[in-house]
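User: I've got this model open and I'd like a close look at just one part of it, strand by strand. Can you walk me through it in plain words?

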Amino acid sequence: MEHLQTLIIGAGPAGYTAAIYAARANLKPVMYVGNQPGGQLTITNDVENYPGFPEGVGGPEMMEMFAKQAKRFETDVRYGVVTEVDFSGHPHVVTIDGEKTLTADAVIIATGASAKWLGLPSESRLNGSGVSACAVCDGFFYRKQTVAIVGAGDTACEEALYLSKICLHVHMLVRKSTMRASKIMEERVKNTANITIHWNTETEEILGENVVEAIKVREVSTGKIDIIPVQGFFVAIGHQPNSDVFSKYLEMDSQGYLITQPDSTKTNVAGVFACGDVQDKNFRQAVTAAGSGCMAALEAERFLMVLESKQSVVEV
């Protein structure tokens, strides 16, 4: 059975930043990239809010640069998906693709979160060409244009309000006659002049050959179909943290986000650290994910130093 000093699970901004710091600290990191190497940025055409890129950069291009930097410091990047873990003892046991089992002294979890989608074929086809799951990331591209946003929770309200400050008009599509959002957030949306709330409304289709041009919506109670011209379509119905495989051993909240100690990436299991969107439901930005990846590597380094000193005492 292969034994690793440091195992990194996931290959987005958090995972690659953790790898860079861990490799430079001679922690010999091995990274398994999972189902989506590069994370959600690989489906983001343009990134303009990450520091150091004054002209912006493509999401896939940026993640390729992250990968090259991690490999430069001899991170062992491997393809494979973690299908099972055993954190009941130490070292930690991890199974890859249901076949290969290995052990690790320190584990850094950076598996991210996946946006929830409506499931429309046009939504997938136009993803990155007018369809987005992050208003803060992509809203800037639709300044002084008309957009639509789907959702009824606090996040949807926050993103609608954010869009209202930079877009000409925002159509907010709410499937029911009420919102799940807090009353104060709902009132803020209702009192914003350039936000129109469409109650009892579902999205039938996103229209446009190469870019979003309009949406076809249906009024639930009457079945009436309308076409609303828009240039951007934002889905804000939630995110799903990629944490199921760890549920037996790690504490998580009701939504599945891993719980870490305050101002730390430490989980409830010693030697297991979580960083990026799998433990962050508030910000979900590439730059915050990268920052927490740095934190995880530094904390893993300290953990391994203490572990090594204890082992030295035992050997003596």
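User: In which sense do strand β1 and strand β6 pair, and over how many bridges? Take me outward from there, please.

Analyst: Happy to. Keep in mind that this is a predicted model.

Strand β1 covers residues 2-9 and strand β6 covers residues 100-109; the two pair in the parallel sense, over seven bridges. If you want a spot to click on, try T6, whose bridge partner in β6 is A106.

Now go to β2, which spans residues 29-32. Strands β1 and β2 run parallel too, and four bridges join them. T6 turns up again here, since in β2 it stands opposite P29. So T6 of β1 is a handy landmark: A106 is its partner in β6, and P29 is the residue opposite it in β2. A little further on, I8 has M31 as its bridge partner in β2.

How does the chain get from β1 to β2? Helix α1 (residues 13-24) belongs to that stretch, and β1, α1 and β2 together make a right-handed β-α-β unit. The loop between α1 and β2 is where you'll find N26. Phi of N26 is near 60°, which is a positive value in a residue other than glycine. N26 is also exposed, with a relative accessible area of 52%; the cut-off for exposed is over 50%.

Back to β2 itself. In a regular strand, the side chains alternate between the two faces of the sheet. Here P29 and M31 point one way from β2, V30 and Y32 point the other way, and all are buried. Two of these residues have already come up as neighbours of β1: P29 opposite T6, and M31 as the partner of I8.

Y32 leads on to the next strand, because its bridge partner in β3 is R78. Strand β3 is residues 76-78, and its pairing with β2 is parallel, over three bridges. The connection repeats the theme: β2, helix α2 (residues 59-72) and β3 make a right-handed β-α-β unit. Put the pieces side by side and you have β6 paired with β1, β1 joined to β2, and β2 paired with β3.

While you're in this part of the chain, have a look at the loop between β4 (82-86) and β5 (92-96), where P91 lies. A cis peptide bond joins H90 and P91, with omega at about 5°.

For a comparison with N26, scroll along to N200, in the loop between β11 and β12. N200 isn't a glycine either, yet it has a positive phi of about 50°. N200 is partly exposed, with a relative accessible area of 23%.

The loop with N200 also takes you to β12 (residues 201-207), the strand that gives the most to the lining of the second largest pocket, with three residues. That pocket has a volume of about 340 Å³. Its lining counts 16 residues, of which V150, G151, R175, R180 and I237 lie nearest its centre. By class, the lining has eight nonpolar, four polar and four charged residues.

Definitions and conventions:
Residues numbered from 1 in each chain as written. Predicted model: local features only at pLDDT ≥ 70, side-chain atom pairs only at ≥ 80, totals over all residues. Heavy atoms only, no water. 1 Å grid on protein atoms, 1.4 Å probe; cavity = no way out; pocket = protein on both sides within 12 Å on 5 of 7 lines; lining within 4 Å. Points joined across faces, edges and corners; volume = space filled by probe spheres on them. Nonpolar A, V, L, I, M, F, W, Y, C, P; charged D, E, K, R; others polar. Right-handed = clockwise from strand over helix to strand, strands pointing away. Buried < 20%, exposed > 50% of the residue type's maximum accessible area, 1.4 Å probe, protein only.
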